[in-house]
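Visitor: I am new to this structure and would like to learn how to read it step by step. Could you take me through it slowly, beginning with a single residue?

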Amino acid sequence: MRVVRASLSGPRADPDQEQEGVLALVSDLIWAHTPAAHGLEHLRTKAAADGVDVYLFLRATSEAAALTQAHAILDGARAPLRAHGYRPSEPHRERSPGEHSDRHPPSGCP
């Protein structure tokens, strides 16, 4: 299982609408436009300062495959998301708690 996060810029829940309703709408739009072949197992939406963060839980053979699948999922849902005022950003991999990067810090950094 791989986790990829994408941020959707766009409207936040207005005072007359429950935040949960906005998050459910985004989730439903993605599910409705994602074929099973893209390996989406679960998704979670979370309110963010400038819109909504979407966490995609994917069946994928590698990190590269997960990012490719996430792109395909967001591309498939792009038109309906835009119709509701949301624009997806580039998806990126979420690190698990305690997971370390393979990169070494730049010299001079602890």
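Visitor: Does Ala-60 count as buried or exposed, and why?

Guide: Please keep in mind that this is a predicted model. Buried means under 20% relative accessible area, and because Ala-60 has 18% relative accessibility, Ala-60 counts as buried. Ala-60 lies in the loop between β3 and α2, and, leaving aside its neighbours within four places in sequence, Ala-60 is in contact with Arg-2, Ala-65, Ala-66 and Gln-69. The C-alpha atoms of Ala-60 and His-38 are separated by 8.8 Å, although these residues are 22 apart along the chain.

Visitor: How do Val-3 and Met-1 count by relative accessibility, and why?

Guide: Residues with over 50% relative accessible area are exposed, and those between the two cut-offs are partly exposed. Val-3, which lies in strand β1, counts as partly exposed because its relative accessibility is 22%, whereas Met-1, found in the segment before β1, counts as exposed because its value is 63%. For the protein as a whole, 35% of the 110 residues count as buried.

Visitor: Which residues is Met-1 in contact with, once its neighbours within four places in sequence are left aside?

Guide: On that basis Met-1 is in contact with Glu-41, Phe-57 and Leu-58. To read such a pair, set the spacing in sequence beside the spacing in space: Met-1 and Phe-57 are 56 residues apart in sequence and 6.5 Å apart from C-alpha to C-alpha. In the case of Val-3 and Ala-70, the residues are 67 apart along the chain, and their C-alpha atoms are separated by 9.4 Å. Across the protein, among contacts between residues at least 6 apart in sequence, 62% join residues at least 24 apart.

Visitor: What pattern does the protein follow when it is read along the sequence?

Guide: The secondary structure comes to 2 helices and 5 strands, and along the sequence these follow the pattern β-α-β-β-α-β-β.

Visitor: At roughly what angle do the axes of helix α1 and helix α2 cross?

Guide: To read a pair of helices, look at how their axes approach and at what angle they cross. Here the axes of α1, residues 19–32, and α2, residues 63–83, come within 8 Å and cross at roughly 125 degrees, which means that α1 is oblique to α2. The crossing of α1 and α2 is right-handed.

Visitor: Which residues of α1 and α2 meet?

Guide: From α1, Val-26, Leu-29 and Ile-30 meet Ile-73, Ala-77, Pro-80 and Leu-81 of α2. Sorted by class, the contact of α1 with α2 has 7 nonpolar residues, with no polar and no charged ones.

Visitor: Which residues touch the most other members of the largest nonpolar core?

Guide: That core has 21 residues, and those touching the most other members are Val-26, Ile-30, Val-54, Leu-58 and Leu-81. Two or more residues each are given to this core by β1 (2–9), α1, β2 (40–48), β3 (51–58) and α2, and the largest share, 6 residues, comes from α2. Two names among these core residues, Val-26 and Ile-30, have already appeared in α1, where they meet residues of α2.

Visitor: What is Val-54 in contact with, leaving aside its neighbours within four places in sequence?

Guide: Val-54 is in contact with Val-4, Arg-5, Ala-6, Leu-8, Val-26, Ile-30, Leu-43, Arg-44 and Thr-45.

Methods: Residues are numbered from 1 along each chain as its sequence is written. This is a predicted model: local features need pLDDT of at least 70, side-chain atom pairs count only at pLDDT 80 or more; totals for chains, interfaces and linings use all residues. Side-chain values use heavy atoms; hydrogens and water are left out. Axes are lines fitted to C-alpha atoms, for helices over the stretch in contact, and angles run from 0 to 180 degrees between N-to-C directions. Helices (H or I, at least four residues) and strands (E, at least two) are DSSP runs, numbered from the N terminus. Angles under 35 degrees count as roughly parallel, over 145 as roughly antiparallel, 65 to 115 as roughly perpendicular and the rest as oblique. A crossing is left-handed if the near helix is turned anticlockwise from the far one by less than a right angle, and right-handed if clockwise. Contact means heavy atoms within 4.5 Å. Ala, Val, Leu, Ile, Met, Phe, Trp, Tyr, Cys and Pro count as nonpolar, Asp, Glu, Lys and Arg as charged, and the others, Gly among them, as polar. A nonpolar core is a set of buried Ala, Val, Leu, Ile, Met, Phe, Trp, Tyr and Cys residues joined through side-chain atoms within 4.5 Å. Buried means under 20% relative accessible area, exposed over 50%, partly exposed in between (1.4 Å probe, protein chains only).
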